[in-house]
Amino acid sequence: MNNCHFIGKLIEDPILVKHDNVDLVYFKLAIEEFIKSKNGKKIRRVDVLTFEAWHTGAVTIAQNSRIGDILAVNAVARNYG
């Protein structure tokens, strides 16, 4: 099993929907990191990742999180493609 940890800033308000009568929330985080280039200079890199949460976690995120909030997410990565 893979476990992933992300800390980032919400770039839009979470969107709560019902899917087959189950609460589902979608949210996007801007995750910032600094990497060193070959010449030793720091480069800022920002990745935007989309997450989804289900059940009570979805409701909690939707009710308590707004654009600009910083969230720590512990997730399992899956590729649906």
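**Reading side-chain pairs and strand faces**

Author: E32 is partly exposed in this predicted model, its relative accessible area being 44%. That residue is a convenient place to begin with charged pairs.

Reader: How many salt bridges does the structure hold?

Author: The general idea comes before the count. Side chains of opposite charge can pair when their charged atoms come close. The structure holds four salt bridges. One of them joins the side chains of R44 and E32, at 2.4 Å from N to O. This pair links distant parts of the chain, since R44 belongs to strand β4 and E32 to strand β3, 12 residues apart.

Reader: Is R44 buried or exposed?

Author: The cut-off for exposed is a relative accessible area over 50%. R44 has a relative accessibility of 54%, and therefore counts as exposed. Its partner E32, at 44%, is partly exposed.

Reader: Which residues are joined into one network by salt bridges that share partners?

Author: One should take the bridges in turn. The side chains of R45 and E33 meet in a salt bridge of 3.7 Å, N to O. Because R45 lies in strand β4 and E33 in strand β3, the pair ties together parts that are 12 residues apart in sequence. R45 also forms a salt bridge with D47, where the closest N and O atoms are 3.3 Å apart. As to accessibility, R45 is partly exposed at 40%, E33 is partly exposed at 33%, and D47 counts as partly exposed at 28%. Through shared partners, the salt bridges join E33, R45 and D47 into one network.

Reader: I turn to the rings. How many aromatic pairs does the structure hold?

Author: Ring pairs are read from the distance between centres and the angle between planes; under 30 degrees counts as stacked and over 60 as edge-to-face. The structure holds two aromatic pairs. F6 and F51 are 5.4 Å apart, centre to centre, with 65 degrees between the planes, and the pair is edge-to-face. It links distant parts of the chain: F6 is in strand β1 (residues 4-10) and F51 is in strand β4 (residues 42-54), 45 residues apart. F27 and F51 also lie 5.4 Å apart, centre to centre, but with 15 degrees between the planes, and this pair is stacked. Here F27, in strand β3 (residues 22-36), and F51, in strand β4, are 24 residues apart.

Reader: Which residues form the aromatic cluster, and is F27 buried or exposed?

Author: F6, F27 and F51 form one aromatic cluster. F27 is buried, with a relative accessible area of 4%. F51 is buried as well, at 10%, whereas F6 is partly exposed, at 23%.

Reader: Which residues make up the covered face of strand β5?

Author: A strand can be read face by face. In β5 (residues 70-75), L71, V73 and A75 form the covered face, while I70, A72 and N74 form the uncovered one. The strand pairs with β1 in the antiparallel sense over six bridges, and A75 is the bridge partner of C4.

Reader: Where is S65 found, and with which residues is S65 in contact, leaving aside its neighbours within four places in sequence?

Author: S65 is found in the loop between α1 (55-64) and β5. Apart from those neighbours, its contacts are L10, P14 and L71; the last of these is on the covered face of β5. At 5% relative accessibility, S65 counts as buried. By contrast, Q63, which has its place in helix α1, is exposed at 57%.

Notes: Residues numbered from 1 in each chain as written. Predicted model: local features only at pLDDT ≥ 70, side-chain atom pairs only at ≥ 80, totals over all residues. Heavy atoms only, no water. Phe/Tyr/Trp six-rings, centres within 6.5 Å; stacked < 30°, edge-to-face > 60°. Helix = DSSP H or I, 4+ residues; strand = E, 2+ residues; numbered from the N terminus. Buried < 20%, exposed > 50% of the residue type's maximum accessible area, 1.4 Å probe, protein only. Pairing = 2+ DSSP bridges. Contact = heavy atoms within 4.5 Å.
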